[in-house]
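Visitor: Hi, could you walk me through this one?
Guide: Sure, have a look at it and ask away.

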Protein chains: 2
Amino acid sequence: MIHGDTPVRLYELVLENGRSSSPYVWRVRYALAHKGIPFEPVPVGFTEIPAMFGGRFRTLPVIEHGGTMMNESWDIAEYLDRAFPDRPPLFATRGEYAAARLCDEWFANAIMRPLFAMYALDIHNAARPADRPYFRRSREERLKGQTLEAYTAERVAKRPAVRAALAPLRNQLGRFPFLGGGSPGYCDYVALGGFHWVASMSTLPLLAADDQVLRDWLERGFDLFGGAGRDARMQPLFE
Amino acid sequence: MIHGDTPVRLYELVLENGRSSSPYVWRVRYALAHKGIPFEPVPVGFTEIPAMFGGRFRTLPVIEHGGTMMNESWDIAEYLDRAFPDRPPLFATRGEYAAARLCDEWFANAIMRPLFAMYALDIHNAARPADRPYFRRSREERLKGQTLEAYTAERVAKRPAVRAALAPLRNQLGRFPFLGGGSPGYCDYVALGGFHWVASMSTLPLLAADDQVLRDWLERGFDLFGGAGRDARMQPLFE
């Protein structure tokens, strides 16, 4: 039997400066905060993952709670709702859960994919020196041999299309304070995680200075749960 | 006091063949069917709208229920949940409502907008002859003087990008039978409405023959509520 007062440990992917960059780590951080669950963060570099878990997990985040260890942010989110039923739910209905998964698919396809084509080299350069060769090798393999430099070379030219693709968020935020409506929901955490990722390593501000609707929402989001998402090491998101 | 047995009338935008083309009409049709509310359809051409409502409404759908008349599909959807509280809800929680609005924003931006650039001329050609000059004039004005012919000329070249932009739907439907999860939700009706729109007038099949995941979902969607969405006048959606 797992009790609500059993401590939770969160294994986080970190950069050289110690800040977590992973958008999947960030959504789990928000999920834990949403439910009011304190946790102990454990920093892990890209290349430390295999040894740390005896080969069991190849991606972070991983959470440890009593005898339970698991990765995959969606499995973790569902686990948290099951294991802490007396805390505020991440998904009040199965419809909310399905909608959050679809939100994640839209955000991954329309926003995160083009963002990777802008920031892949920045991630490399911000990673722990020991992790950089692995990061470059594995990502350039996925890019069919294209270098990170070549892949991100046109990133300033790609930026307007990414800004335009954020229109659905702006439209929703013209109607509600959060993507989830009157209060923040998992879709907010998915999107905030993406912006934390950019803010963890960006050397090119993503958003226009006058993008007030996104600016206001990001401020509200970073202020959530006592400003748990705030960090002096964050790079500017706005020009 | 409005009773559940007061008849509902749905004013629908129709093409020359009498089929409704509007994606907003289709989502309201599905919303009514979801709640098990019978309705009387009233066909209306583009240019008949102003006179029919004494200038009160400029867009369809419009519903009439007792003394209530309203347009705007989102206002109608919320009205239906209020006026028929004993019927299955379209939005079980405020979170589900907000998520459906965000789904609509994604679908409008990533799918419907590029679809209009493929099918604007087909809509014109399928409209009632009396409506065509109005449709051309109003749409070409929005296109800053570009003709419908020029606007849609490269549509075959644009088709692969639209198919790629549908990846979030395919991913979600690899996980659940419906976009809304285990049972159809308003986001399904939004997307099905978009496909009904294309099927109402397309002269170029949108989807690849082997797009089995979308094919299966469209079959399930068109079969909903006794096949209420089926129509012998539908054009093929698949190559």
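Guide: Let's start with the fold: chain A has 10 helices and four strands, where helices (H or I, at least four residues) and strands (E, at least two) are DSSP runs numbered from the N terminus. Before you go on, note that this is a predicted model, with local features needing pLDDT of at least 70, side-chain atom pairs counting only at pLDDT 80 or more, and totals for chains, interfaces and linings using all residues. Residues are numbered from 1 along each chain as its sequence is written, chains are lettered from A and ligands numbered from 1 in the order in which they are written, and side-chain values use heavy atoms, with hydrogens and water left out.

Visitor: In what order do the elements of chain A run?
Guide: Starting at the N terminus, the order is β-α-β-α-β-β-α-α-α-α-α-α-α-α.

Visitor: And how compact is chain A?
Guide: Its radius of gyration is 18 Å, close to the 18 Å that the globule rule gives for 239 residues, so chain A is as compact as a globular protein of that length. The radius is taken over C-alpha atoms, and the rule is 2.2 Å times the number of residues to the power 0.38. Along the principal axes, the C-alpha atoms of chain A fill a box of roughly 55 × 45 × 30 Å.

Visitor: What share of chain A counts as buried?
Guide: 57% of its 239 residues. Buried means under 20% relative accessible area, exposed over 50%, and partly exposed in between (1.4 Å probe, protein chains only).

Visitor: What about contacts in chain A between residues at least 6 apart in sequence?
Guide: Of those, 70% join residues at least 24 apart. Contact here means heavy atoms within 4.5 Å.

Visitor: Got a buried residue to look at? I'm curious about A:Glu12. Where does it lie?
Guide: A:Glu12 is in strand E1 (residues 8–13) of chain A. It counts as buried because its relative accessibility is 4%. Not counting residues up to four places away in sequence, A:Glu12 touches A:Ser20, A:Val25, A:Arg29, A:Phe39, A:Pro41, A:Val42, A:Pro43, A:Val44 and A:Leu60.

Visitor: Switching to the interface: how many residues does the contact take from each chain?
Guide: There are 28 residues from chain A and 28 residues from chain B. The two chains bury about 2,200 Å² between them, 68% of it on carbon and sulfur atoms. Buried area is the accessible area (1.4 Å probe) that two parts lose on being put together, summed over both.

Visitor: Which three residues supply most on the chain A side?
Guide: A:Leu102, A:Glu105 and A:Trp106 supply 31% of the area that chain A buries against chain B, more than any other three residues.

Visitor: How many salt bridges go across?
Guide: The rule finds two between chain A and chain B, a salt bridge being a side-chain nitrogen of Lys or Arg within 4 Å of a carboxyl oxygen of Asp or Glu. One joins the side chains of A:Glu105 and B:Arg175, at 2.9 Å from N to O. There are also 10 residue pairs in polar contact across that interface, both residues at pLDDT 80 or more. A polar contact is a pair of N or O atoms within 3.5 Å; within protein, one must be able to donate a hydrogen and the other to accept it, and residues adjacent in sequence count only if both atoms are side-chain atoms.

Visitor: Which elements give two or more residues to that side of chain A?
Guide: Helix H4 (94–126), helix H7 (155–165) and helix H8 (167–173) of chain A. H4(A) gives the most, with 14 residues.

Visitor: Where's A:Asn109, then?
Guide: A:Asn109 is in helix H4 of chain A, and at 16% relative accessibility it counts as buried. Leaving aside neighbours within four places in sequence, A:Asn109 is in contact with A:Pro114, B:Ala164, B:Ala165, B:Ala167 and B:Pro168.

Visitor: Back to salt bridges: how many over all chains?
Guide: The structure holds 38. One of them pairs the side chains of A:Arg136 and A:Glu140, 2.7 Å from N to O. Those two are four residues apart in helix H5 (residues 132–142) of chain A, so about one helical turn separates them. A:Arg136 is partly exposed at 23% relative accessible area, while A:Glu140 is buried at 15%.

Visitor: And which residue does B:Asp122 meet in a salt bridge?
Guide: B:Arg155, with 2.8 Å from N to O. This pair links distant parts of the chain, 33 residues apart: B:Asp122 is in helix H4 (residues 94–126) of chain B and B:Arg155 in helix H7 (residues 155–165) of chain B. Both B:Asp122 and B:Arg155 are buried.
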